[in-house]
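Welcome, and thank you for opening the viewer. Shall we take a walk along the chain, one selection at a time? Here is what you will be looking at.

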Amino acid sequence: MSKKRLGVVVAIELEAVLERYGSESIIKESHGHTVREYENERCVILVTDSGAGEISAASATQFLISECDVDMIINFGVVGGLTPEMSTSELCVVEKVIHYDYDTTGWLDLERGRYPGHNSAYI
């Protein structure tokens, strides 16, 4: 049985990943993305540095899915979690998000982040 392939998208905390996992076994450059490959006894870990922003994160995520054939994606970083309740290395499972850049308040009279047809701004 082949090992599972885990994709990791890192926005700006790449040094923390490199410190944790050490030297990568393979570095691949493709379509503007750099992928660092690590392997342990349980899985192959493919890490790409997306840079900041939702569009960059979406591009890196799709790249890992389409070009690297990953089984699962983890987004590594602060991802808006800069609150006193968060601690270093705490795992958060996202249950809902708000797309604050989506704003139709002057047009559809919905609160910022709320898409038409949804009961709230949370997705």
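## First stop: a salt bridge

Select Lys3 and Glu39: their side chains meet in a salt bridge, 2.9 Å from N to O. Lys3 sits in the segment before β1 (4-10) and Glu39 in strand β3, so this pair ties together parts that are 36 residues apart in sequence. Lys3 is partly exposed, with a relative accessible area of 31%, while Glu39 is exposed at 52%. Side chains of opposite charge can pair when their charged atoms come close. Please keep in mind throughout the tour that this is a predicted model.

## Step back to the whole chain

Now show the chain as a cartoon. You should find 2 helices and 5 strands. Starting at the N terminus, the order of elements is β-α-β-β-β-α-β.

Next, switch on a surface. The chain exposes about 8,900 Å², and carbon and sulfur atoms supply 52% of that. How many of the 123 residues count as buried, as a percentage? The value is 25%. Contacts also tell you about the fold: among those in the chain with a separation of 6 or more, 53% are between residues 24 or more positions apart.

## The hairpin of β2 and β3

Select residues 26-30 for strand β2 and residues 33-39 for strand β3; the two run antiparallel and are joined by 5 bridges. For one facing pair, pick Glu29 in your viewer and look across to Thr34 in β3, which stands opposite.

Then move to the turn. There are 2 residues between the strands of this hairpin, and His31 takes a positive phi near 50 degrees. Most residues other than glycine have a negative phi.

Stay in the hairpin and select Lys28 and Glu37. This pair forms a salt bridge, with the closest N and O atoms 3.3 Å apart. Are the two partners buried or exposed? Glu37 counts as buried because its relative accessibility is 10%, and the cut-off for buried is under 20%. Lys28, at 37% relative accessibility, counts as partly exposed.

## A buried serine in a loop

Now choose Ser50, in the loop between β4 (43-49) and α2 (54-68). At 14% relative accessibility, Ser50 counts as buried. Which residues does Ser50 touch, not counting those up to four places away in sequence? Show Val9, Val10, Ala11, Ser56, Ala57 and Ala60, and you have its contacts beyond that range.

## Two cysteines to check

Select Cys43 and Cys68 next. Cys43 counts as buried, with 14% relative accessibility, and Cys68 counts as buried too, at 8%. If you go looking for disulfides in this chain, the count is 0.

## Along to β5

Move on to the loop between α2 and β5, where you will find Asp69. Asp69 has a positive phi, near 55 degrees, in a residue other than glycine. Asp69 is exposed, with a relative accessible area of 56%.

Then select Met72, Ile74 and Phe76 and turn the surface back on. These three form a nonpolar patch on the surface, with about 250 Å² of accessible area together. Ile74 lies in strand β5 (residues 72-76), and with a relative accessible area of 34% Ile74 is partly exposed. In a regular strand the side chains alternate between the two faces of the sheet.

## Last stop: after β5

Follow the chain into the segment after β5 and select Asp109. Here is another positive phi in a residue other than glycine, near 60 degrees. Asp109 counts as exposed, at 68% relative accessibility.

Finish with Glu111 and Arg114. Their side chains meet in a salt bridge, 3.3 Å from N to O. Glu111 counts as partly exposed at 38% relative accessibility, and Arg114 counts as partly exposed at 21%. How many salt bridges does the count come to? The count is 3, and your selections have included Lys3 with Glu39, Lys28 with Glu37, and Glu111 with Arg114.

Technical notes: Residues numbered from 1 in each chain as written. Predicted model: local features only at pLDDT ≥ 70, side-chain atom pairs only at ≥ 80, totals over all residues. Heavy atoms only, no water. Pairing = 2+ DSSP bridges. Helix = DSSP H or I, 4+ residues; strand = E, 2+ residues; numbered from the N terminus. Patch = residues over 30% accessible without salt bridge, like charges linked within 9 Å, V, L, I, M, F, W, Y side chains within 5 Å. Areas by Shrake-Rupley, 256 points an atom, 1.4 Å probe, with all protein chains shown as cover. Salt bridge = Lys/Arg side-chain N within 4 Å of Asp/Glu carboxyl O. Buried < 20%, exposed > 50% of the residue type's maximum accessible area, 1.4 Å probe, protein only. Contact = heavy atoms within 4.5 Å. Disulfide = S-S within 2.5 Å.
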